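Trainee: Hi! Could you walk me through this one over coffee?
Mentor: Happy to. Let's put it on the screen.

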Amino acid sequence: MFRRKCDRRDWLKTATVGGVAVLAARWDLSAARATEVDDRFPRLADAALGRARSLGATFADFRIMQTETESLFVREQMVQGVSAATSLGCAVRVVCDGAWGFAASEDLSEEGVARLAAEAILIARAQAGWRKRRVEIEPLPKHVGRFDQPAEIDPFAMPLEKKVETLLGITAAAQKSGANFCQASLEQVRERTWIANTFGSRIAQSRVRLQPGFAVTVTDAKTGRFATREGSVPPRAAGWEHVTSLPLAGDAARAVEEAREKLVAPSVEPGRKDLVIAPSNLWLTIHETVGHPTELDRALGDEANFAGTSFCTPDKLDQLRYASDIVSFRGERTEPGGVATTAFDDDGVPTAGREFFIVENGVFRSYQMALGQAGRIGREASNACGYAESFDAFPLQRMPNISLEPGRDPAVTKESLIADIDDGILVEGNGSWSIDQQRYNFQFTGQVFHRIKNGKLAGMLRDVAYQGNSVDFWNACDGLGGRPSRELYGALHCGKGQPQQAAPVSHGAVPARFRGINVLNTAEQAGGKTAGCEGCRGVVRRWA
Amino acid sequence: MTASQSRTLCERILGLVKADSAEVSVSDGDDIHLRHASNDVTSNALVHRTELSLTVSYGRRSATLSTNQLDEASIRRLVDRTQAMAKLAPENPEHMPPLGPSEFATPVTWAEPTAAASPATVIESIRPVIERARDAGVDTAGYLQRSVGGSTLANTSGLFVHQRSTTVGFSVTARTPTGRGSGWASTQVTDIRDLDLAMIGDRAIRKALDSRNPVERPPGRTTVVLEPAAVRDLVAWLVRSLDRRPLDEGRSFLKGLADGDPVGRRLFGERATIFSDPLDASAPCPTHSGGLPLVRTPWIDAGVLETLAVGRFWAKQRGVQPQPHPGNLLMAGEGRSVDELVGMVDDGVLVTRIWYLRSVDPQTLLLTGLTRDGTFAISKGKLAGPVKNFRFNISPVHVLARLVASGVPTRVLGSESGSPACVPPVVVEDFNLSSVSDAS
């Protein structure tokens, strides 16, 4: 995907590699602005890095970032949100006297970027006298090049009417099937970054990603109950072709049927059960129980005040049996369509050739790392996991695409996994998710739960949550779907850091079977005596 | 940007608009983000920020675009693009025209010393926290955010409001070298002179040392003392769910709490009193929300539901005045210290902070989350040593229904929410600690 040479004035062409779409006039402007930045980037980089060096920086990088977003929201047959945003600015990051300094602004003048360099130095130097551990970064290879992520049909060039029509088609299908309420949305993002550093790199990149979504709700006036079924629609680093490849209207109609069935489904009997978890649910379990625990900055305590630390401490490298031996997880930023995919991370580290096993045949093998972290655990270099959500954000270690490797037998399917269960549950779609600050104890729900009886599906259940310990859970995995059953899901907004930054990440998964997992009844969890408030009939009745 | 400068900018932008109506918002500021971990500064940022957002409407068609570029060419592009998108947007039957002028109280969110503090001064302010942690033999990780900014809202109906604010927020987690003890504390102030970071750091360090080597206590329903940070996260979830429209549509947790209209009904314990007041100096906020004045509003008074938020369109449908969601969260307390609250509990658990709060069942507002950074057993009115953390499954309705005592309201930061809040520690009975977590 990485193309080393590219016409610097080629934004318009490269944004539509397939040549299918013609950029609408309103988006020419941002592309034109990008071309202006192309022209100014070398001079600005020289001004920023030169100033940083002259003030004593031992390392500096300069990053310009332009972010464009467009969001559409429809409810029933009403278009309730049409919004777009663009931001453009730059940042200078330095290592000076063994400390980080960072400053950012929307001012793209040569004087402005030189001033930022001085401010970044000021922050680094303000720690002098009481700093203990020096920031050490590994040498980075020099790269000069350009990467433009392919997209057949630029979503920013798609006529607004077409996008709205697609969303209203989804809600119309839901209404036709009897939804009392329904909504559909589309979010699309384009990032352009220019990175220069004191190792001599000069890199320009552009990425596009988008995600449609929907939710339907049915209500029962007699009982006062309501049920919502959210769509399981993955994000993709792709163009509008991703949207047209999805049977969204049909899925919405089916979701209404499922929501209706949820309303009257029997409540689950809690206890230890065998589960088959579909990729539409399992991707988030991977994210929370494998992705976050294996972030090196967490393990080293850098995120202790917010996201937390990790049970997966460096002494467990190559030692911890994280999962059963059929389970492997791979991290990479090179899979086509993955929303974390890129040619260089925001530290300027190339991604190709840095794919890695986090867990290999059940054993913990590697952390995710950004610049300056690998040396702290005796490893040589970052595996290209640096990312900053906007021009004014300090690059952090963020997740690459992390995927569960398919089982060895390509013939294994969800159905064959189900066939080997006497009494269990099939879990589909994401509901709620929660996990402790060291990633031991999780509790997840889903969108739809089917009872499995004697190897077959036997109707829907409600009030289901599965709860457990990350390592115990993955060691209870005894069946994986084969490669044909793999699906790629993910999220556009994984939060981390202070101030919190959102990052896009994809997770590939196959259906997987787990034995003896703790299943809770969420209605029972809500129960309890709630006396003491006269007139609160619902509280007393429902919770008694 | 001063009020005069922002007025000039807004008038210039609105003067370029040819659409039927338009509304512009401008915000700018200088922020310092300072993180530290393992007792050294880590990622940090000095950020100069600006954002301009424009909404234009042709009849019921509208679009909103924003940018951070304020040069003449960028502004003209923004106006042109927003108008072009609005023309293409389908009509929204629920579209509401811009609000007219209003009187807004002058907010109490600005302190000149905070605005004047240099980056070097702000950075230096965390030094005592780090040095005391080193002396105590614990690792701290923290985050200080100094924010100085202004925001302006103006529209073609004559509305203009410009307000400024300064805040300094700080939270810190202290951990013992073995990782088996962890403590947390936070504060937020408007005036940097009110900041006492050493005291906050000491509190986190003390909690970390006291929480070393926790023992496992069986999960189950028990009485808990929730410190203010935990109260804030649980109660804020409930307050932002107090909305008229979902109730009318049959998809609100309130549906299950009362026959008919729940407003005016006692749905919670009589010790539950929650209100918002932008001028309350304990946790002030702007005095408008999208051009609607924010004033002191009772949400729950002695257990009685007093107010539901109502959006402008829904208010018009119902023939009532719109009611914006609160800009801050204030909860009345009974003046007791945490120690006094602990003294009231025969057998229970003290919770410092909660984490990863998520909805489990919107029908009952059931939430799940975990305790962290200082969880202690209570026995016969005294703290009886650290216990392992718990996952809980609880509805904030239950928290307010089974609230049996409360303490002194304190301004604290939450785990994941940001609006200003001043809430007391509380005692809650029958709190569902559903399983044990090994996290420490």
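Trainee: How many bridges join β3(A) to β2(B), and do the strands run parallel or antiparallel?
Mentor: There are 2 bridges between β3(A) and β2(B), and the strands run parallel. Keep in mind that this is a predicted model.

Trainee: Which residue is the bridge partner of Ala104(A) in β2(B)?
Mentor: Ala104(A) has Val47(B) as its partner there.

Trainee: And the wider interface, how many residues of chain B are in contact with chain A?
Mentor: On the chain B side it is 93 residues, and they are in contact with 79 residues of chain A. Strand β2 of chain B, residues 40–58, gives the most to the chain B side, with 11 residues.

Trainee: What classes do the residues on that side of chain B divide into?
Mentor: The side of chain B that touches chain A has 32 nonpolar, 36 polar and 25 charged residues.

Trainee: Switching to chain A alone. What does the domain assignment give?
Mentor: The assignment for chain A gives domain 1 as 11–264 and domain 2 as 271–519. Their C-alpha centres lie 23 Å apart. The contact between them takes 41 residues from domain 1 of chain A and 34 residues from domain 2 of chain A.

Trainee: Which elements give two or more residues to the domain 1 side?
Mentor: Among them are β1 (59–75), β2 (78–96), β3 (99–105) and α6 (248–264) of chain A. By class, that side of domain 1 of chain A has 17 nonpolar, 10 polar and 14 charged residues.

Trainee: Now the inside. Which residues touch the most other members of the largest nonpolar core?
Mentor: Those are Ala48(A), Val92(A), Val94(A) and Ala120(A), in a core of 223 residues. Helix α2 of chain A, residues 25–54, supplies the largest share of this core, 10 residues.

Trainee: What does Val94(A) touch, leaving out residues up to four places away in sequence?
Mentor: Its contacts include Ala52(A), Phe59(A), Ala117(A), Ala120(A) and Ile121(A). There is also a second, separate core of 51 residues, which includes Cys182(A), Leu186(A), Ala22(B) and Met85(B).

Trainee: Why would such residues be buried together?
Mentor: In soluble globular proteins, that is a general tendency of nonpolar side chains.

Trainee: Back to strands. In what order do β11, β10, β9 and β14 of chain A sit in their sheet?
Mentor: The order is β11-β10-β9-β14 in an open sheet of 4 strands, with antiparallel pairing. Strands β11 (363–364) and β14 (401–404) of chain A stand at the edges with a single partner strand each, so one side of each has no neighbour in the sheet. Strand β10 of chain A, residues 356–360, is joined to β11(A) by 2 bridges, and Val359(A) stands opposite Phe364(A) in β11(A).

Trainee: What about the overall build of each chain?
Mentor: Chain A comes to 12 helices and 22 strands, while chain B has 11 helices and 21 strands. For chain A, the radius of gyration is 25 Å, which agrees with the value near 24 Å for a compact globule of 544 residues. Chain B has 24 Å, close to the 22 Å that the globule rule gives for 440 residues, so chain B is as compact as a globular protein of that length.

Trainee: How much of each chain is made up of buried residues?
Mentor: In chain A, buried residues make up 60% of the 544 residues. In chain B, they make up 56% of the 440 residues.

Technical notes. Residues are numbered from 1 along each chain as its sequence is written. Chains are lettered from A and ligands numbered from 1 in the order in which they are written. This is a predicted model: local features need pLDDT of at least 70, side-chain atom pairs count only at pLDDT 80 or more; totals for chains, interfaces and linings use all residues. A nonpolar core is a set of buried Ala, Val, Leu, Ile, Met, Phe, Trp, Tyr and Cys residues joined through C-beta atoms within 7 Å. A residue is buried if 20 or more other C-beta atoms lie within 10 Å of its own, exposed if 12 or fewer, and partly exposed in between; C-beta atoms are placed from the backbone. Two residues are in contact if their C-beta atoms, placed from the backbone, lie within 7 Å. Domain bounds come from an automatic or database domain assignment. Ala, Val, Leu, Ile, Met, Phe, Trp, Tyr, Cys and Pro count as nonpolar, Asp, Glu, Lys and Arg as charged, and the others, Gly among them, as polar. Two strands pair if DSSP finds at least two bridges between them. The radius of gyration is taken over C-alpha atoms; the globule rule is 2.2 Å times the number of residues to the power 0.38.
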